[in-house]
2 protein chains.
Amino acid sequence: MTGITKAACIGGGVIGGGWIARFLLAGIDVNVFDPHPEASRIVGEVLANAEKAYAMLTGAPLPPRGRLTFCKTLEEAVAGADWIQESVPERLDLKRGVLTEIDTVARPDALIGSSTSGLLPTDLQRDMKHPERLFVAHPYNPVYLLPLVEIVGGEKTSAATIQTAMERLAPIGMKGVHIAKEIEAFVGDRLLEALWREALWLIHDDICTVETLDDVIRYSFGLRWAQMGLFQTYRIAGGEAGMRHFLAQFGPCLAWPWTKLTDVVDLDDALIEKIGRQSDEQAAGLSIRELERIRDENLVGILQALKGGHDGEGWGAGKLLKDFEQSLWAEAGRANTSFDPLKPLRLVETKVGPAWVDYNGHMTEHRYLQVFGDTSDALLRLIGVDLAYVEAGRSYYTVETHIRHLGEAKLGQAIHSTCQILSVDEKRLHVFHTLHDTVTGEALATAEHMLLHVDSKAGKATPAPAVILDKVKSIAEAHANLAAPEGVGRHVGQKR
Amino acid sequence: MTGITKAACIGGGVIGGGWIARFLLAGIDVNVFDPHPEASRIVGEVLANAEKAYAMLTGAPLPPRGRLTFCKTLEEAVAGADWIQESVPERLDLKRGVLTEIDTVARPDALIGSSTSGLLPTDLQRDMKHPERLFVAHPYNPVYLLPLVEIVGGEKTSAATIQTAMERLAPIGMKGVHIAKEIEAFVGDRLLEALWREALWLIHDDICTVETLDDVIRYSFGLRWAQMGLFQTYRIAGGEAGMRHFLAQFGPCLAWPWTKLTDVVDLDDALIEKIGRQSDEQAAGLSIRELERIRDENLVGILQALKGGHDGEGWGAGKLLKDFEQSLWAEAGRANTSFDPLKPLRLVETKVGPAWVDYNGHMTEHRYLQVFGDTSDALLRLIGVDLAYVEAGRSYYTVETHIRHLGEAKLGQAIHSTCQILSVDEKRLHVFHTLHDTVTGEALATAEHMLLHVDSKAGKATPAPAVILDKVKSIAEAHANLAAPEGVGRHVGQKR
């Protein structure tokens, strides 16, 4: 996959900031141009949220963060970039002007995406010299967690542009979805707008409050739509009789007086005030910052849950996360060929996320073993036991574990693990992991493991091949010079 | 909370079956009347799905399943029930007739709910002698996993009926949401209908395929709506400027040509065939049964993820799950006062869910410790270390763990854990857990733990009070007669 090597973001509000975070966290340098006096503060806040979210989202090794540069001119920002993303305010004249200016100073092979949520790409590209490289790349807030990008071409957009744009989104963990025909508001905002109009009527007519309406969504079809959409859900509802039968049954409803959509609600001061007041009540004292954090933590949890879907293959946005992590691991495997022989290997870096703690804010017991298991996995990848090796029918299995709890990892705490190889022979691999507070270095827990090299199809231990053993032995020999860790060889309840 | 003691379900299709499963799995006996020849097969299938889903959803102790009785007459089914749920086909004359008949034979204090997705309760209750007890209780498919029930009263429905209905839903893990005014289709289906109409236009006009449309939903706002609804999400989008500012900005869009909702699409044979064909392609060979299983597993994962939201307090549907589990544990604590002194305690029963396995279908390493941790928690509740005790500032913490892997737990496998107390003194509690295959009894793994009684505020060990020690000692004395388990006191790598 050909990824983006350098990005420029023109406009750095909440949406532009989300794009910037996506690029930087994927290791891509970003130039930003935004004359707004608050631009660097807003981008900084979005980036801080994104970094917190990513730390919880994945234990896979993110590449070194890209370099962020605020530029004084559009021309300076665009120089050298091969993906330029425009996220200025939603006015056709303004956007058209900015895009035309970008076009005149951009690299000849650069792609130009617009974050517009409703304007037609044909209108946006009208004055460009190279309109074939302009497309709509419409993301959703928060851009650093929601993967969707609607890709829409105008009359003059080339097919090659669309194809390249789709390909370049995958390495930054996003999902490009190509919309076949351009229409105002594309697909997502059309659907949102329809539901929004009906929602405004329901509040206007006092059928329910905004809290009740939100509860109706999040306790029912919201849960369905996080993992399947509208049609796939109804396909199941149709049962064995099938989708066509379901539609034939549903058809008559369209003629029923079930919506007020044929009329447009007047969003006057009274309705704005009513919604504002009900929304204040619903928030129950939670600030925007707190709601934002809760939302992000929930999205992280949902994405991780979907990563385990479809029998562990990953489903929907979770499959995308799984693929993203695998590419990160593969990249890290290529990079990480040397290590400091005077120290244990430093292998997993993460932060304690909200799904990992009990109501006291302490990390739950089994999450310690999750980090230690991830540490073993990282060691195995380092010595050549990667996905291809495992799929070919051999692996290392953990057969015995001894954990000591020395401190407490807490919500939001930065933690990392280290690994010391104690011994290795043809079949056995004896390791000692330590979980540290990243700030103080304090040891929070240790885990001693015995792993066996197995033929996973036969279900029995078998000698590891030389190609693996050579790598693990080179590390073990270096580690032989390290002191034996405190706590090795203990049994449960042994006096210190 | 006054729960339902006996339920009757009139109509046993997919929706009726979902209600039946909710009741039975909450320990409530259910009488069913449905003259459809396939009723018992359909109910059986829904119930099997529900049982699979619940086994993955929670490790909390479900009560003994209620008794399911198919009755020959409506009168026989309704006899003795204090909640009667009508789920017959969506025709006013049919529903009104059935509800009027229920009313004449039901217990005087019975509540009568209708599953109608669109009809007005005032129309349904017209001919009833006791119309004050009739209300709409509109659930969402799959009823056994989605918690929402829209509660809507008609002109003659009493306030007491609405209040009692809401209260009785919580103990079966559902969320009653009261809709203030009755309108056709209530709130959820109004919103769905609005979005559905727009979706049909998008397919009709070839803007996108059903798969693209579903992807747009599930990679973007579907993820948002699983945890916050429409208004709370927009409140955050409005940022510090607030909801009123957001609305004022959004207002003008309502006048833009952003939907085709002012016209009604003709769902003719051509459009039905187009959607049917695109839906077949989207399913990519997955059968309805497979899609249903994937959906349920995803919903389980999302609900569990939300259970960890809001700093471990639980958020939305996850908070509801957490509350439901706590009531199950409390109930089990009251019930479980005796044990067989000749055996280890049998404490946790569960099934290996899809989020717990690697791509090989084997249970992930740290999930073993999760079950062992749940086993320790169950033991602690049994000896009086419950939520109130922990909130008062004392608890037992695990300080040391030794795990042996003897076999492999696989996707869908029924497993349970047992616990043998090895020793106890004022501060220390030494236990040995075993994880078993429930069918064969085979030991899959063992865990030896040392726990310390702590003052959690001071962060140090402190003697347990007599009220706790007396309980744990009575079990420990019985267990002293059991043989020491094989594998006690081992260190990692010790020869057998």
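How many residues of chain B are in contact with chain A? I looked this up first and found that 153 residues of chain B are in contact with 153 residues of chain A, contact meaning heavy atoms within 4.5 Å.

Before going on, I note that this is a predicted model, in which local features need pLDDT of at least 70 and side-chain atom pairs count only at pLDDT 80 or more, while totals for chains, interfaces and linings use all residues. Residues are numbered from 1 along each chain as its sequence is written, chains are lettered from A and ligands numbered from 1 in the order in which they are written, and side-chain values use heavy atoms, with hydrogens and water left out.

**Interface**

For the area buried between chain B and chain A I noted about 14,800 Å², of which carbon and sulfur atoms give 67%; buried area is the accessible area (1.4 Å probe) that two parts lose on being put together, summed over both. I then looked up salt bridges (a side-chain nitrogen of Lys or Arg within 4 Å of a carboxyl oxygen of Asp or Glu), and the rule finds ten across this interface. Helix H13 (residues 288-307) of chain B gives the largest share of the side of chain B that touches chain A, namely 15 residues; helices (H or I, at least four residues) and strands (E, at least two) are DSSP runs, numbered from the N terminus.

I also checked strand pairing, for which DSSP must find at least two bridges between two strands. Strand E10 (residues 394-405) of chain A and strand E10 (residues 394-405) of chain B run antiparallel and are joined by five bridges, with Ile403(A) standing opposite Thr401(B).

**Helix H10 of chain A**

I found eight of the nine residues of helix H10 (residues 230-238) of chain A buried, where buried means under 20% relative accessible area, exposed over 50%, and partly exposed in between (1.4 Å probe, protein chains only). Among the buried residues is Arg235(A), which forms a salt bridge with Asp280(B), the closest N and O atoms being 3.1 Å apart. After H10(A) comes Gly239(A), with a positive phi near 65°.

**Glu38(A)**

I placed Glu38(A) in the loop between strand E2 (29-33) and helix H2 (39-57) of chain A. Is Glu38(A) buried or exposed? I would call Glu38(A) partly exposed, because its relative accessible area is 33%. The side chain of Glu38(A) makes a polar contact with that of Arg41(A) at 2.5 Å; a polar contact is a pair of N or O atoms within 3.5 Å, and within protein one must be able to donate a hydrogen and the other to accept it, while residues adjacent in sequence count only if both atoms are side-chain atoms.
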